[in-house]
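Me: Please take a close look at a single open space in this structure and describe its surroundings. A connected account would suit me better than a list.

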Amino acid sequence: MTVAVFFGCTFIAFGPAVALFVFTIARDPLRVIFLIAGAFFWLVSLLLSSLVWFITVQISNKNSATQQTGLLIFGVVLSVLLQEAFRYGYYRLLKKANEGLLALSQEDTMPISIRQLAYVSGLGFGFMSGAFSVVNILSDSLGPGTVGIHGDPQHYFISSAFMTLAIILLHMFWGVVFFESCERQRWWALGAVVISHLVVSCVTFVNPHYQGSLIPTYIILSIMAAWAYLCAGGSLRNLKLCLTCKDKDFLLANHRPR
Amino acid sequence: LSHTHTHTDTHRFVFTLFMSIILTFHVSRLLSEVLCDPLSDFNVWTSTRPLNNSAKGHAANESVVIAATRLDGRSFFWEQAPSAEGTVSGIVTLLATIQALYPVTQEAPPPHNIFFSFFQGEAFDYIGSSKMVYDMERNDFVIDLNNVHSMLEIGQVGLHRGRSLWMHSDPVSRQNKSVDTQVSAMMSRVQSAAAGLNLTVDQPSVSQPLPPSSFQRFLRVRGIPGLVLADHNTSFNNRYYESLYDDAENLNVTYPPDLSPDEQLVYETDAAKSLAEVATLVARSLYIQAGGEEKNLNNITADPKIVAQLLYGFLIQKNNSWFRSLLPPEVTKKGDNSILSSGPPQFYIGLGPRIHGPVHSVTRFVQYILANLTGTITNLTESQCQNPSEVNTENKDLFSYFWVSGPASVNSTGEPFCVRASVRLSKAVSPAFELLEYGSPNYSTWTESRWKSIRARIFLVASRELEMLTLGVGVAVLLLSLLVTYFISSKAELLFSSAREPPTTTY
């Protein structure tokens with residue numbers, strides 16, 4: 001029943017992302033377009049970083065294991081930096097596009113705010129990054145066998161799925177924080193995003209000790225989730241009100257024209 | 001495997017065998033695909049008076065006494081069959097018999113022809129003898145069953161050790177009065193031939209049937225008078241019959257330690273002397289049985305030196321100087337890669353030259369030894385030797401022509417020459433394969449199967465609990481995220497309402 005593992009891991013990895021897509025993005029074609037464009041930008045950054053890594057590997061000494069590991073670490077760091085660079089590039093592009101869209105559109109208001117763009121582009125990055133992380137693993141999980149015949153831990157598939165889940169959500173949060181900090185010129189926040197991305201990527205080198213990589217990742221995920229919530233306009237008070245269902249009065253009191 | 005034992009609760013090992021036999025899936029290939037090859041090789045036969053090989057069926061004015069033995073053996077292990085007492089004792093005895101008998105039959109020919117036959121494949125349900133009888137029945141052989149006067153078969157004769165030899169006869173055919181008379185007469189002739197030799201010959205009780213022998217194949221078709229000579233009465237003396245351990249040591253063929261190979265070749269062991277006695281007995285018995293005169297009997301003696309050389313070649317080392325001298329030059333020169341590789345020959349029949357490499361070594365040895373013992377040297381050239389029909393003094397129907405190396409001396413290799421002998425090979429493949437009766441109860445159906453590669457894949461399969469847990473967690477995560485997202489998106493205005501932007505922007 002390896003199909004069970006396949007579906008289980010697919011749902012774990014892409015469940016939240018699909019839920020977000022279905023409920024917040026699918027109805028608005030503009031958001032869909034920007035999502036796909038964001039995914040494409042991430043793909044280009046991956047292509048570039050893999051090209052560099054491939055060339056360096058060809059030049060290097062293939063027999064030296066330490067050199068190969070060193071090259072791998074170099075590749076990971078380079079990839080993270082390139083991804084963030086492309087995120088910045090996408091931000092600049094979107095700023096320019098937004099002005100253009102405003103000029104073209106009939107309405108006075110911008111069809112899509114920069115905050116929404118931050119969320120959508122982050123999710124786009126997340127989708128593509130998650131796909132590349134986990135699709136090969138999912139196809140292997142279909143096979144008649146599983147890992148662990150030499151005594152390696154057998155939680156490979158489920159750990160990879162949870163890691164992918166974290167990465168997708170993290171990209172989304174990083175997108176929100178990144179765009180917000182670019183808007184407000186808070187460069188330290190930008191640096192924090194880059195550093196947290198590096199930490200999450202490099203902590204995977206302790207695998208197969210999955211607890212060593214998953215726990216820090218989820219800690220960073222929760223921190224970034226809180227930070228992104230605050231950047232997106234949330235506050236602790238709103239959260240308390242929402243959860244205790246005192247929202248009706250609040251909405252009536254704060255009625256806004258839609 | 002230690003890991004699996006600690007995880008037996010959580011893992012199952014699935015061991016899958018894939019036989020890559022494609023014909024399970026492709027019926028058309030099934031019909032044309034050969035799955036096995038029949039065991040096959042050649043019988044070797046010769047006669048004291050040459051028989052016309054091109055004239056098949058009943059031979060006019062011929063009444064032959066057949067002297068037969070088996071040429072092969074087997075053991076549990078593939079292509080390993082030293083078969084010393086089981087086979088070599090018979091071969092060596094019959095070859096020594098021919099050596100003893102042949103000159104006298106040329107000087108003072110007996111009334112009956114004597115037909116010597118070495119049957120191949122007897123260990124596998126009498127392939128060679130059944131084929132010869134089958135050919136005789138269908139008039140596809142130089143003689144037929146009407147030409148057969150009587151038969152003497154040499155069984156396992158190596159372990160009599162000063163005890164008697166036994167003459168086994170068939171009680172069923174002896175119920176016929178005339179056959180019984182002839183068998184009794186044959187027995188008395190053998191006993192009279194044993195007089196003056198260091199041997200005694202006994203008969204087992206009349207109701208005891210024959211031991212396993214090629215003679216039974218002839219008896220199946222016709223009640224021929226005949227005997228089977230063996231060193232045992234009711235049970236075998238050979239503890240290692242058809243075993244890997246039926247080797248030189250079993251026959252007591254051992255040499256003093258400090259002899260060179262050439263010295264070992266001619267050293268006369270006690271076993272050689274004892275087998276020479278048996279050969280002399282058989283030769284004299286055959287001469288009398290064929291109607292020869294008793295006064296010539298003293299000239300019929302087997303040479304222990306020839307017996308010693310035969311034993312050395314068939315039990316210890318087939319690549320010796322004597323064998324090399326009587327084989328063709330191309331075989332001698334090839335050395336290790338041909339039938340003259342080092343060590344004793346193996347007596348398993350094999351699949352025949354078409355399928356399985358060079359010609360069977362034992363068949364070749366017996367053929368060329370017979371040519372050496374019974375043939376005459378001619379002064380034909382090599383090309384004439386290979387095409388004797390072009391030479392009008394030579395007769396290809398009556399004789400075979402062999403181009404042999406000749407004895408080698410220290411200084412030079414031998415000068416090859418052409419030997420003419422009435423030695424022939426006849427095909428030994430079970431009639432079941434000619435009749436295409438693959439389930440035949442009458443003939444041997446032994447084959448070697450063709451080998452296909454067998455593959456196996458071993459892989460680890462995750463425990464059911466883990467699989468179901470993964471699926472469960474996945475579904476839970478999906479449902480939870482759908483719920484949470486719906487909740488957040490419906491309360492979005494409330495949750496993200498700490499707006500720092502002017503109200504005109506949308507969310």
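Reply: On a 1 Å grid over the protein atoms alone, a pocket is an open set of points with protein on both sides within 12 Å along at least five of seven lines, a cavity is a set where a 1.4 Å probe fits but cannot get out, and lining residues have an atom within 4 Å of a point. Points are joined across faces, edges and corners, and a volume is the space filled by probe spheres set on them. The model is predicted, with local features needing pLDDT of at least 70 and side-chain atom pairs pLDDT 80 or more, while totals for chains, interfaces and linings use all residues. Residues are numbered from 1 along each chain as written, chains are lettered from A and ligands numbered from 1 in written order, and side-chain values use heavy atoms, without hydrogens or water.

The part to examine is the second largest pocket, which holds about 1100 Å³ of space. Its lining counts 32 residues, and those closest to its centre are A:Val76, A:Phe132, A:Ser133, A:Ser201 and A:Thr204. Six helices of chain A each supply at least two lining residues, namely H2 (29-59), H3, H4 (114-141), H5, H6 and H7 (210-231); helices (H or I, at least four residues) and strands (E, at least two) are DSSP runs numbered from the N terminus. The greatest share comes from H5(A), with seven residues. By class, the lining has 15 nonpolar, 17 polar and no charged residues, where Ala, Val, Leu, Ile, Met, Phe, Trp, Tyr, Cys and Pro count as nonpolar, Asp, Glu, Lys and Arg as charged, and the others, Gly among them, as polar.

Two of these helices, H3(A) (residues 65-104) and H6(A) (residues 187-203), have axes that come within 10 Å and cross at roughly 145 degrees; axes are lines fitted to C-alpha atoms, for helices over the stretch in contact, with angles from 0 to 180 degrees between N-to-C directions. Where they touch (heavy atoms within 4.5 Å), A:Val76, A:Val77, A:Val80, A:Leu81, A:Gln83, A:Glu84 and A:Arg87 of H3(A) face A:Val193, A:Val194, A:His197, A:Leu198, A:Ser201 and A:Cys202 of H6(A). This contact is made up of eight nonpolar, three polar and two charged residues. A:Val76 and A:Ser201 belong to this contact and are also among the residues closest to the centre of the pocket.

H2(A), which also contributes to the pocket lining, has an axis that comes within 10 Å of that of H1(A), and the two cross at roughly 145 degrees. A:Phe21, A:Thr24 and A:Ile25 of H1(A) meet A:Arg31, A:Val32 and A:Leu35 of H2(A), a group of four nonpolar, one polar and one charged residues.

An unreviewed UniProt entry, whose annotations may be inferred rather than shown by experiment and whose positions are given here in the numbering used for the model with feature names shortened, lists several transmembrane regions in chain A, including 68-86, 117-138, 158-180, 187-206 and 218-236. In the model, residues 187-206 are 85% helix and 0% strand, with end C-alpha atoms 30 Å apart, whereas residues 218-236 are 79% helix and 0% strand, with ends 21 Å apart.

H5(A) also takes part in a closed space, the second largest cavity, of about 100 Å³. Among its 14 lining residues, A:Val5, A:Thr146, A:Gln154, A:Phe157 and B:Leu466 lie closest to its centre. Helices H1 (2-25) and H5 (156-183) of chain A and helix H15 (464-490) of chain B each give at least two residues to this lining, which has six nonpolar, seven polar and one charged residues.
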